[in-house]
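Visitor: I'd like a close look at one part of this model, please. Pick a spot, and then show me how the rest of the fold is arranged.

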Amino acid sequence: MEDTKKVAFNLSQLMMMELQGLMHLSNKCYLRCDWKGCFHTLRCIKFNVIQSLTKAERDQLKQLEDTTILMTRGNREKNLLRKRTEEYNEMLMDVLEAHGFLVKEREEHKKMF
C-alpha cells in the first residue's frame with residue numbers, strides 16, 4: 001500500500017512539472033505574439049488534465065477550440081486568434097484552478113514576524 005502512495009506522489013509531481021513547463025511555453029509564445037503556438041500549447045495543457053475535467057468543461061473548451069480560426073493570413077484574423085487564445089487561456093486557467101492544479105493560497109494568514 002505504501003508503494004502505491006509513493007508512485008502516485010511521484011506521478012503527481014511529474015505531472016505538475018509538465019504542466020509548469022507547458023504553461024511557461026504558452027507564456028513565451030504569447031509574448032512572441034505566436035498565437036498559434038500559444039493556442040496549441042494551451043490545448044496540450046488541457047489534454048494533460050483531461051481526465052480531471054467534467055463533461056461540461058470539456059464541451060466548453062472543445063466548443064471554443066472548434067470555433068477558433070487556426071489558419072491566419074491577415075491582421076484581422078491574427079487579432080481574432082489572439083482574442084480567442086486569451087479567452088481560451090482564461091477558461092482553461094479557471095478549470096485548472098477549480099480542480100486544484102494551480103497554486104493554492106496559504107491557509108494560515110499569520111504574519112511572518
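Guide: Let's start in helix α4, where glutamate 86 and arginine 82 are four residues apart and therefore separated by about one helical turn. Helices here are DSSP runs of H or I with at least four residues, strands are runs of E with at least two, and both are numbered from the N terminus. The two side chains form a salt bridge, with their closest N and O atoms 3.1 Å apart; the term asks for a side-chain nitrogen of Lys or Arg within 4 Å of a carboxyl oxygen of Asp or Glu. Glutamate 86 is partly exposed, with a relative accessible area of 23%, and arginine 82 is also partly exposed, at 23%. Buried means under 20% relative accessible area, exposed over 50%, and partly exposed in between, using a 1.4 Å probe and protein chains only.

Elsewhere, Arg43, Lys46 and Glu65 are joined into one network by salt bridges that share partners. Within it, arginine 43 meets glutamate 65 with the closest N and O atoms 3.3 Å apart. Arginine 43 sits in helix α2 and glutamate 65 in helix α3, so this pair ties together parts that are 22 residues apart in sequence. Arginine 43 is partly exposed at 21%, whereas glutamate 65 is buried at 7%. The salt-bridge count comes to seven.

A word on the model itself: it is predicted, so local features need pLDDT of at least 70 and side-chain atom pairs count only at pLDDT 80 or more, while totals for chains, interfaces and linings use all residues. Residues are numbered from 1 along each chain as its sequence is written, and side-chain values use heavy atoms, leaving out hydrogens and water.

Helix α3 has its own salt bridge, between aspartate 66 and lysine 62 (3.2 Å, N to O). These two are four residues apart, and so about one helical turn separates them. Aspartate 66 is exposed at 51%, and lysine 62 is partly exposed at 41%.

Just beyond, threonine 68 lies in the loop between α3 (55–66) and α4 (75–98). Threonine 68 is buried, at 8% relative accessibility. A polar atom of its side chain lies 2.5 Å from the backbone oxygen of leucine 64. Leaving aside residues up to four places away in sequence, threonine 68 touches Phe39, Leu81 and Arg84, where a contact means heavy atoms within 4.5 Å.

Phenylalanine 39 leads us to the aromatic rings, as the structure holds two aromatic pairs. Rings of Phe, Tyr and Trp (its six-membered ring) pair when their centres lie within 6.5 Å, with planes under 30 degrees apart called stacked, over 60 edge-to-face and the rest tilted. Tyrosine 30 and tryptophan 35 are edge-to-face, at 5.3 Å centre to centre and 70° between the planes. Phenylalanine 39 and tyrosine 88 have ring centres 4.9 Å apart and planes at 45°, so their pair is tilted. With phenylalanine 39 in helix α2 (residues 35–49) and tyrosine 88 in helix α4, this pair ties together parts that are 49 residues apart in sequence. Both phenylalanine 39 and tyrosine 88 are buried.

Stepping back, the protein has four helices and zero strands, and buried residues make up 27% of its 113 residues.

Key: A polar contact is a pair of N or O atoms within 3.5 Å; within protein, one must be able to donate a hydrogen and the other to accept it, and residues adjacent in sequence count only if both atoms are side-chain atoms.
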